[in-house]
Amino acid sequence: MRQSRLMLLQYLTGLGILALGSLHFALLSFAGGGYSNAIQFASVLSVYTTFGVLFELFLVFLTWHIFYGFRRVLCELHQGRRYESTVTWAMVIIGGATFLWGTRTILIFLGVLH
Amino acid sequence: MDAAGKEVLKVLTEILERKNNAGVYRGWLKFWNRNWERWLYAMHRITGVGVGIYLVAHIWETSYSATAFLDVSNGGSPVVWTNLMSFLSNEFFHTGLLLVALASVFHALNGVRLIFAEQGLMIGKVKPPTFPMIPSSLKGGQRYFGIAIVIISFILLVYAFYQLFIIGLGW
């Protein structure tokens, strides 16, 4: 994929994170009845069962944005075809593993995984 | 192509293929004695890497806490959850969360500024360069936007402090 398309995805996921991150922060503060109440077992369960799909979308946006961001930073520090390819694949593997591990958590919260 | 043309092409190729050898310290971290936008650029990088590392730690932490929600149809394990929250509810971890909140808000708002700049919004009117050679892109809305971002970030930091320390830890 062209670098400009990848960068466009970086901007779009960034805007998505801004929207869903604001929701996440709101649910942990005023919308959740204050931080102490928001981290109670019943409150967390209620939030995850209500917004589980949005959390998965949030995870997709975050994983892309962060690991593409890491790739850009690392590719600016050193140049070379082999180096760039190694960095790209390392980010794909670590990012993919992070995404799968996060998805497992969301599926447990949603009651899909027991 | 004549000899002079080939020489120009050779020099241009060398410039285009030149590697970035400045690295972290002499490259994007060296923001002092530079302009405001350069400072915002360095902070965007630092906060981005910091929040990125936090995300990986947060996913590990939530995956551990998720064990409390296994078999949730039979009530789950509130004790596991409560124990984890008790372990994390102290000044050390809440200071970390406060820094994450500050970094996240700054990075998000500065990201919006960068999208605006890339689209040519709020960058000032294009003018021929005249002494003292200050680019018109560094005047106008972008500069004020950059200042507003830092002010808003610190206002929201105060709110995060209220939630984490006053409400969360009962200070």
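Where in chain B is Met122(B) found? Met122(B) is found in the loop between H5 and H6 of chain B, and this report, which describes a predicted model, returns to that residue after an account of the two chains and the contact between them.

## The two chains

Chain B contains 6 helices and 0 strands, and from its N terminus on the elements run α-α-α-α-α-α. The radius of gyration of chain B is 24 Å, well over the 16 Å that the globule rule gives for 171 residues, so chain B is more spread out than a compact globule. Chain A has 4 helices and 0 strands, in the order α-α-α-α from the N terminus on. For chain A the radius of gyration is 17 Å, whereas a compact globule of 114 residues would have one near 13 Å. The table sets some values for the two chains side by side.

| Chain | Box of C-alpha atoms, along the principal axes | Residues that count as buried | Share of contacts (separation of 6 or more) from residues 24 or more positions apart |
|---|---|---|---|
| Chain A | roughly 50 × 30 × 20 Å | 25% of 114 residues | 66% |
| Chain B | roughly 85 × 35 × 30 Å | 18% of 171 residues | 58% |

As for confidence, the mean pLDDT of chain B is 85, and 97% of its residues reach 70 or more. Among the elements of chain B, helix H2 (residues 23-28) has the lowest mean pLDDT, 72, while helix H5 (residues 91-118) has the highest, 94. The model as a whole scores ipTM 0.91 and pTM 0.86.

## Where the chains touch

The contact between the chains takes 31 residues from chain B and 28 residues from chain A. On the side of chain B that touches chain A, the elements that give two or more residues are H2, helix H3 (36-65), helix H4 (78-88), H5 and helix H6 (141-167) of chain B. The largest share of that side, 9 residues, comes from H3(B). Sorted by class, the side of chain B that touches chain A holds 16 nonpolar, 12 polar and 3 charged residues.

## Helix H5 of chain B

H5(B) has 28 residues and spans 40 Å from its first C-alpha to its last, which is close to the 40 Å expected at 1.5 Å a residue. Its buried residues include His94(B), Ala101(B), Val105(B), Phe106(B), Asn110(B) and Arg113(B). The buried residues of H5(B) pack against helix H1 (3-27) of chain A, together with H3 and H6 of chain B, and so this packing involves elements of both chains.

## The nonpolar core

In soluble globular proteins, nonpolar side chains tend to be buried together. In this model the largest nonpolar core has 35 residues, of which Leu62(A) and Phe109(A) touch the most other members. At least two residues of this core are supplied by each of helix H2 (35-38), helix H3 (41-77) and helix H4 (81-109) of chain A, and likewise by each of H3, H5 and H6 of chain B. The largest share of this core, 12 residues, comes from H3(A).

Which residues does Phe109(A) contact, leaving aside its neighbours within four places in sequence? Phe109(A) is in contact with Tyr48(A) and Gly52(A) in chain A, and with Ala66(B) and Phe69(B) in chain B.

## Thr103(A)

Thr103(A) is found in helix H4 of chain A. With 18 other C-beta atoms within 10 Å, Thr103(A) is partly exposed, because a residue counts as buried at 20 or more and as exposed at 12 or fewer. Leaving aside neighbours within four places in sequence, Thr103(A) is in contact with Glu56(A) and Leu59(A). Thr103(A) and Gln10(A) are 93 residues apart in sequence, and their C-alpha atoms are 21 Å apart in space.

## Back to Met122(B)

Just after H5(B), Gly120(B) takes a positive phi of about 80 degrees. Most residues other than glycine have a negative phi. Met122(B), however, has a positive phi of about 60 degrees although it is not a glycine. Is Met122(B) buried, exposed or partly exposed? Met122(B) counts as partly exposed, because it has 15 C-beta neighbours inside 10 Å.

Definitions and conventions
Residues are numbered from 1 along each chain as its sequence is written. Chains are lettered from A and ligands numbered from 1 in the order in which they are written. The radius of gyration is taken over C-alpha atoms; the globule rule is 2.2 Å times the number of residues to the power 0.38. Two residues are in contact if their C-beta atoms, placed from the backbone, lie within 7 Å. pLDDT is the predictor's confidence in each residue, from 0 to 100. Ala, Val, Leu, Ile, Met, Phe, Trp, Tyr, Cys and Pro count as nonpolar, Asp, Glu, Lys and Arg as charged, and the others, Gly among them, as polar. The expected span of a helix is 1.5 Å times one less than its number of residues. A nonpolar core is a set of buried Ala, Val, Leu, Ile, Met, Phe, Trp, Tyr and Cys residues joined through C-beta atoms within 7 Å.
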